Amino acid sequence: MRRLTWFNTTALTLGFAFLYLPMIILIIYSFNESKLVTVWAGFSTKWYGELLGNEAFLSAAWVTLKVAVFSSTLATILGTLGALVLVRAGRFPGRTLFSGMIYAPLVMPEVITGLSLLLLFIGIGLDRGVFTIVLAHTTFSMCFVSVVVSSRLVSFDRSLEEAALDLGCSPMEAFRLVTLPIIAPAVISGWLLAFTLSLDDLVIASFTAGPSATTLPMKIWSSVRLGVSPEINALSTLMIGIVAIGVISASLITKRAALRQEAEERAAVQA
Amino acid sequence: MRRAALIIIPYFWLLALFLVPFLIVLKISLSDTALAIPPYTPTLDFSNGWQGIKDFWAALDLENFEFLTTDDLYWKAYLSSLKIAVIATFLTLLVGYPIAYGMANAPDHWRPTLMMLVILPFWTSFLIRVYSWMGILSNEGYLNQLLMGMGVISEPLTILNTNTAVYIGIVYTYLPFMILPIYSALERLDASLLEAAEDLGCSRLTAFWLVTVPLSKNGIIAGCFLVFIPTLGEFVIPSLLGGSKTLMIGKVLWEEFFNNRDWPVASAVAVILLLILIIPIILFQRNEQKQREADG
Amino acid sequence: MGQTVFEPWNDPDAKPLIQFKNVTKRFGDFVAIDNQSFDIYEQEFFALLGPSGCGKTTMMRMLAGFETPTEGTILLGGQDIAPIPPNKRAVNMMFQSYALFPHLSIWENIAFGLKRDNMPKDKIDARVAEMLKLTRLEQFAKRKPHQCSGGQRQRVALARSLAKAPKLLLLDEPLGALDAKLRQDTQFELMDIQEKTGTTFVIVTHDQEEAMTVASRVAVMDHGKIIQADTPARIYEMPNSAYVADFIGDVTIISGTATPAGDGYDIAFAEGQPILHAKSDIQLAKAQSCHLAIRPEKVAITAEKPADAANALQGKILDIAYLGNLSTYHVELANGQVVKSQTANTRRLSRRSFTWEDEVWLSWTDTAGVLLKE
């Protein structure tokens with residue numbers, strides 16, 4: 001029944017061309033010799049060299065990486081706790097408020113999240129810098145982690161935990177030895193999501209960074225507002241490349257694992 | 001005991017870093033602008049004891065909200081944001097539905113790859129994806145070069161720094177949000193339903209209108225909200241691709257805060273934006289819940 | 001046989017392993033277990049049988065420690081188990097879904113409980129090997145659960161719950177996920193293992209055939225109450241209520257009024273129908289309403305009226321259920337009452353004597369039916 005009609009083929013071709021052409025053009029022109037980005041003047045990798053020699057970009061990248069690692073790790077811990085509370089804790093006073101606070105940041109415009117956190121940091125006299133960005137990123141990305149992990153927890157078979165208790169585990173051991181290993185894929189994808197959200201964020205970082213810290217998106221922002229630049233093209237290409245390699249290899253690994261599991265299950269049924 | 005600890009940690013984190021900041025925004029939106037640090041009055045002063053708190057309450061008022069209604073910049077910005085969000089959502093649906101439809105009807109072994117291709121842009125920088133259109137849409141950009149090279153136009157088209165560029169940017173960056181829910185609705189659609197419709201005398205096209213579209217309704221609604229809600233408060237796209245005439249409330253808020261340093265007005269702008277957003281968010285939640293109930 | 005009969009429940013000196021004393025369990029307003037008291041003895045294979053929602057699973061989960069009684073006490077070896085958490089109880093459970101840990105191999109699954117007890121490594125090795133042998137899983141030790149068939153998974157779950165040599169093993173619908181053929185084989189395997197290990201088994205099931213096959217005693221439950229707890233034979237032959245008679249096996253229930261007559265009763269059940277006779281010990285007043293439960297295999301079907309039958313009724317064949325070895329005839333009496341009769345098909349189909357719409361006679365002795373109070 002599933003077949004590729006001319007309509008489907010056209011829709012898919014045009015659709016994916018639309019999604020990918022801008023990025024492909026960006027990548028091609030990052031190897032452009034000329035400073036004038038829209039005029040092709042021959043192949044060159046000089047903008048990559050210039051990028052790697054640019055102290056400001058490198059230090060911004062370092063700040064971004066630090067923020068992303070700390071905030072995504074913290075967000076994963078807090079978000080997993082949040083998911084456990086959502087799915088497991090049952091009724092407690094203020095449960096509705098809690099689930100509201102988990103879901104609200106997902107749809108909250110970034111400008112509002114950024115503004116409100118900045119006003120808080122100023123209000124309590126906290127010096128702004130890497131630390132405040134980490135706090136801000138942790139707060140909004142923990143909610144994404146919560147949603148990812150809780151959707152896995154909902155389908156988790158509670159009798160596995162009961163079996164662990166029955167076999168002599170304390171509740172903590174049951175969580176560590178049974179629940180955590182089984183929900184680990186969801187926790188890892190939660191971490192990856194939090195990490196990417198942090199790497200990607202411009203608006204909230206701009207509000208909460210203060211003068212002392214600049215993240216890579218903030219640096220890119222201040223540069224692209226003035227127009228297209230070949231250095232940014234090179235930087236974009238690097239970032240797209242890293243993401244593409246990461247996502248493609250992750251999906252290949254999961255696909256192979258799924259295929260192997262399927263084959264083994266088939267073999268088990270026949271045995 | 002352990003359960004209480006489990007609840008308290010994330011609960012307090014969110015209270016301190018989500019709810020309290022928002023209450024501060026609410027409070028500052030009721031304050032007055034001042035040339036001071038921080039640049040608003042009143043500030044809560046506990047040194048005067050009870051009287052201080054009373055004075056503080058007495059000094060709060062709705063002046064900033066009145067100001068928003070008198071200066072037509074703001075309500076025009078809200079209206080224009082709504083207009084841009086509605087049109088952009090509709091355009092994203094027009095572009096996204098055929099892609100989702102094509103994916104759902106692609107051969108089984110293609111679908112994981114197509115799925116990955118739709119998700120891949122999610123993981124790449126939003127800022128870079130918006131930026132990639134600057135080179136394409138500018139007066140001497142690749143699109144104008146192509147069209148002039150083909151002889152379609154003789155004068156370069158002005159697209160960058162107009163609302164058209166903003167629409168293109170929104171459709172481009174939010175397209176996956178539209179495709180994925182529609183695709184998951186279409187994928188679950190039982191192919192025999194279409195065969196049944198054709199068997200009962202529908203043409204291909206009427207079967208599509210009478211069976212496929214109604215059954216993908218939930219996906220369409222979810223996709224539209226997922227595009228509409230973040231678009232309304234969008235800042236990066238109108239700032240990079242839009243022109244000085246492009247009015248969007250996210251941009252106004254940013255400028256009010258960073259350029260004019262008018263914190264109370266910026267806060268009032270934020271409060272109103274949230275009030276506008278509450279309606280679509282509640283509708284979206286309803287739709288999701290209805291679907292969960294239908295599934296479960 | 002030569003062995004003494006295993007019937008500790010009839011021995012007043014026997015000490016029960018488990019005692020339920022006035023146990024009630026409520027979930028909000030819903031009463032899952034309604035003031036129940038009963039005993040289970042060591043080495044018993046005790047079945048809790050009933051439809052879903054009758055409270056049998058709640059009973060088991062209270063034994064495992066996942067639920068606590070709202071009222072009353074449960075004693076294990078004379079000790080109140082309410083304050084003991086599940087991980088400290090000498091009770092293990094085999095879960096309906098098996099609950100095998102998907103990230104651990106079969107070997108690790110079986111060793112899981114032993115490791116929690118900090119057993120030395122060589123002892124763990126020996127015990128796991130013993131369990132693998134008992135359940136014939138030796139060559140699957142290194143596999144993960146998803147690499148095993150349904151029957152193998154079932155045996156892993158059994159081996160894992162037996163590994164810690166619990167005083168009491170709880171089995172929640174242990175055969176529910178297996179297909180019919182495999183289920184039969186596994187029932188005997190289960191009985192075999194129970195006998196070998198000498199562990200007390202409590203099994204929860206909704207399948208009456210399974211309960212009758214494996215259990216030393218069956219407790220039939222309904223709406224949070226044990227209606228009857230007895231050996232399979234007594235449950236079948238001497239049900240104490242219409243509910244039990246109807247739940248276990250096939251039965252015809254005729255409702256009427258009883259009049260004492262000799263060492264039994266005369267039962268009038270419909271105008272124009274003959275009076276039925278049944279011997280019974282139960283006490284019924286004159287004209288008290290009652291039920292007579294008759295198993296189909298105890299009802300003979302003949303073309304002519306039998307001369308000396310205690311009970312004989314005439315009717316018309318409504319339906320014939322051909323089961324291969326047996327046929328069940330549904331015979332409708334003149335008043336509309338349907339009585340079932342079952343006969344062995346000792347002859348070939350072509351020579352079968354009765355067919356639809358035939359007028360036939362049904363007869364049974366005065367000890368065949370069980371008289372039950374309203």
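Over residues 61-253 of chain A the chain is 82% helix and 0% strand, with the end C-alpha atoms 28 Å apart, where helices (H or I, at least four residues) and strands (E, at least two) are DSSP runs numbered from the N terminus. These residues, 61-253 of chain A, are listed by UniProt, in an unreviewed entry, as "domain: ABC transmembrane type-1"; UniProt positions are given here in the numbering of this model, feature names are shortened, and annotations may be inferred rather than shown by experiment.

This is a predicted model, in which local features need pLDDT of at least 70 and side-chain atom pairs count only at pLDDT 80 or more, while totals for chains, interfaces and linings use all residues. Residues are numbered from 1 along each chain as its sequence is written, and chains are lettered from A and ligands numbered from 1 in the order in which they are written. The model scores ipTM 0.88 and pTM 0.84. Chain C averages a pLDDT of 90, with 98% of the residues scoring at least 70; pLDDT is the predictor's confidence in each residue, from 0 to 100.

**Annotated spans of chains A and B**

In chain A, the unreviewed UniProt entry gives "transmembrane region" for residues 12-31, 67-89, 101-124, 130-154, 174-194 and 232-253. For chain B, the annotation "domain: ABC transmembrane type-1", again from an unreviewed UniProt entry, covers residues 78-284, and "transmembrane region" is listed there for residues 12-30, 77-101, 113-134, 165-186, 207-229 and 263-284. The table sets out some of these spans.

| Span | Helix | Strand | Distance between end C-alpha atoms |
|---|---|---|---|
| Chain A, residues 101-124 | 88% helix | 0% strand | 21 Å |
| Chain A, residues 232-253 | 100% helix | 0% strand | 31 Å |
| Chain B, residues 12-30 | 95% helix | 0% strand | 26 Å |
| Chain B, residues 113-134 | 91% helix | 0% strand | 29 Å |
| Chain B, residues 78-284 | 77% helix | 0% strand | 20 Å |

Taken whole, chain B has a secondary structure of 14 helices and two strands. Its C-alpha trace spans about 80 × 65 × 35 Å along the principal axes. The radius of gyration of chain B is 25 Å, whereas a compact globule of 296 residues would have one near 19 Å; this radius is taken over C-alpha atoms, and the globule rule is 2.2 Å times the number of residues to the power 0.38.

**Contacts between the chains**

Of the two pairs of chains that touch, chains A and B have the most contacts between them, two residues being in contact if their C-beta atoms, placed from the backbone, lie within 7 Å. This contact takes 58 residues from chain A and 64 residues from chain B. On the side of chain A that touches chain B, the elements that each supply at least two residues are α1 (6-29), α3 (55-88), α4 (95-107), α5 (110-123), α6 (130-154), α8 (171-200), α10 (216-224) and α11 (230-270) of chain A. Among these, α1(A) gives the most, with eleven residues. By residue class, this side of chain A divides into 44 nonpolar, ten polar and four charged residues, where Ala, Val, Leu, Ile, Met, Phe, Trp, Tyr, Cys and Pro count as nonpolar, Asp, Glu, Lys and Arg as charged, and the others, Gly among them, as polar.

Chain C also touches chain A, in a contact that takes 21 residues from chain C and 20 residues from chain A. Two elements of chain C, β6 (91-94) and α2 (106-116), give two or more residues to the side that touches chain A, and the largest share, three residues, comes from α2(C). The residues on this side of chain C divide into ten nonpolar, eight polar and three charged. Chain B and chain C, by contrast, are joined by no contact, and their closest C-alpha atoms lie 15 Å apart.

**The sheet of chain C**

Chain C contains an open sheet of six strands in the order β6-β7-β8-β3-β9-β10, with mixed pairing; two strands pair if DSSP finds at least two bridges between them. The edge strands, β6 and β10 (225-230) of chain C, each pair on one side only, and the twist averages 20° from one strand to the next. Within chain C, strand β3 (residues 45-49) and strand β8 (residues 200-205) pair in the parallel sense over five bridges, and C:Leu48 stands opposite C:Val204 in β8(C).

Helices of chain C lie across these strands. Helix α1 (residues 56-64) of chain C lies across β3, β6, β7 (168-172), β8 and β9 (217-222) of chain C and runs at about 145° to β7(C), with axes being lines fitted to C-alpha atoms, for helices over the stretch in contact, and angles running from 0 to 180 degrees between N-to-C directions. Helix α4 (residues 150-162) of chain C lies across β6 and β7 of chain C, running at about 175° to β6(C).
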